[in-house]
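I opened this entry to practise reading a fold from start to finish. My notes follow in the order I looked things up.

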Amino acid sequence: MGTVIAICISQKRGTQKENISKATFIENFGIENDAHAGNWHRQVSLLSYDKIKAFNEKGAEVTDGAFGENVVVEGIDFSSLPVGTRLQCNNVVLEITQIGKECHHHCQIYAKMGDCIMPREGVFAKVIQGGEMKKGDEMTIVPSRNRDN
């Protein structure tokens, strides 16, 4: 089980996201008013707070949304979960569709640190069931035996 630390959106792709603390997740679309929403496999990006914290301890000084992540959760290591894993927070159900991605031509974080954790630690998901999510909510991994499809 994990705790939602931040929910972030941006108006344009390839930019840092802003922490809005709560959001509406739309089934088969993504987060309302986020540039990455749409009918594709990377509707929502997630990053483990523990990985961000460890990166900051190396001097990165990044804030919520700096990696372009939508949801930051403490207590779940997303990169250790296989594609197809479902996560639930309130009524929202997400399904992991991709682990990691290529860095945007060595982003600003990479330029400063010589490294970026999003390519290996970030995961992407589709919204299977929509609803509301906010900072402080609990997120759980849905056991495969409890899935309805």
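I began with a term: a strand here is a DSSP run of E with at least two residues, and strands are numbered from the N terminus. With that I could place asparagine 33, which sits in the loop between S4 and strand S5 (44-48). I also noted that I am working with a predicted model.

**Entry 1: the whole protein**

I counted the elements next. The protein has 3 helices and 11 strands. I read their order along the sequence as β-β-β-β-β-α-β-β-β-α-α-β-β-β. Then I checked burial: of the 149 residues, 46% are buried. I looked at contacts between residues at least 6 apart in sequence, and 71% of them join residues at least 24 apart. The accessible surface is about 7,600 Å². Carbon and sulfur atoms account for 45% of that surface.

**Entry 2: a sheet of three strands**

What is the order of the strands in the open sheet of 3 strands? I found S4-S3-S10, with antiparallel pairing. Strand S4 (30-31) and strand S10 (131-134) are the edge strands, and each pairs on one side only. I reminded myself that strands of a sheet pair through backbone hydrogen bonds.

I then followed strand S3 (residues 22-26) to its partners. S3 and S10 pair over 4 bridges, in the antiparallel sense. S3 and S4 are also antiparallel, over 2 bridges.

Which residues stand opposite each other? Threonine 24 has glutamate 132 of S10 as its bridge partner. Phenylalanine 25 stands opposite glycine 131 in S10. In S4, phenylalanine 25 has isoleucine 31 as its bridge partner.

**Entry 3: two faces**

I sorted the side chains by face. On S3, Ala23 and Phe25 make up the covered face. Lys22, Thr24 and Ile26 are on the uncovered one. S10 alternates along its length. Gly131 and Met133 point to one face and are buried. Glu132 and Lys134 point to the other face and are not buried.

**Entry 4: positive phi**

I looked for unusual backbone angles. Most residues other than glycine have a negative phi. I noted three asparagines that go the other way.

- Asparagine 28 is in the hairpin of S3 and S4, which has 3 residues between the strands, and its positive phi is near 60°.
- Asparagine 33 has a positive phi near 70°.
- Asparagine 90 is not a glycine either, yet its phi is positive, about 55°.

Is asparagine 33 buried or exposed? I looked up its relative accessible area, which is 53%. The cut-off for exposed is over 50%, so asparagine 33 counts as exposed.

Asparagine 90 lies in the loop between strand S7 (86-89) and strand S8 (92-99). Its relative accessible area is 41%, and asparagine 90 is therefore partly exposed.

**Entry 5: glutamate 138**

My last stop was glutamate 138, in strand S11 (residues 138-142). Which residues does glutamate 138 touch, leaving out those up to four places away in sequence? I listed Met1, Gly2, Gln88, Cys89 and Asn90. Asn90 is the residue I had just noted for its positive phi.

I then checked the distance to cysteine 89. Glutamate 138 and cysteine 89 are 49 residues apart in sequence. In space, their C-alpha atoms are 5.9 Å apart.

Methods:
Residues numbered from 1 in each chain as written. Predicted model: local features only at pLDDT ≥ 70, side-chain atom pairs only at ≥ 80, totals over all residues. Heavy atoms only, no water. Pairing = 2+ DSSP bridges. Contact = heavy atoms within 4.5 Å. Buried < 20%, exposed > 50% of the residue type's maximum accessible area, 1.4 Å probe, protein only. Areas by Shrake-Rupley, 256 points an atom, 1.4 Å probe, with all protein chains shown as cover.
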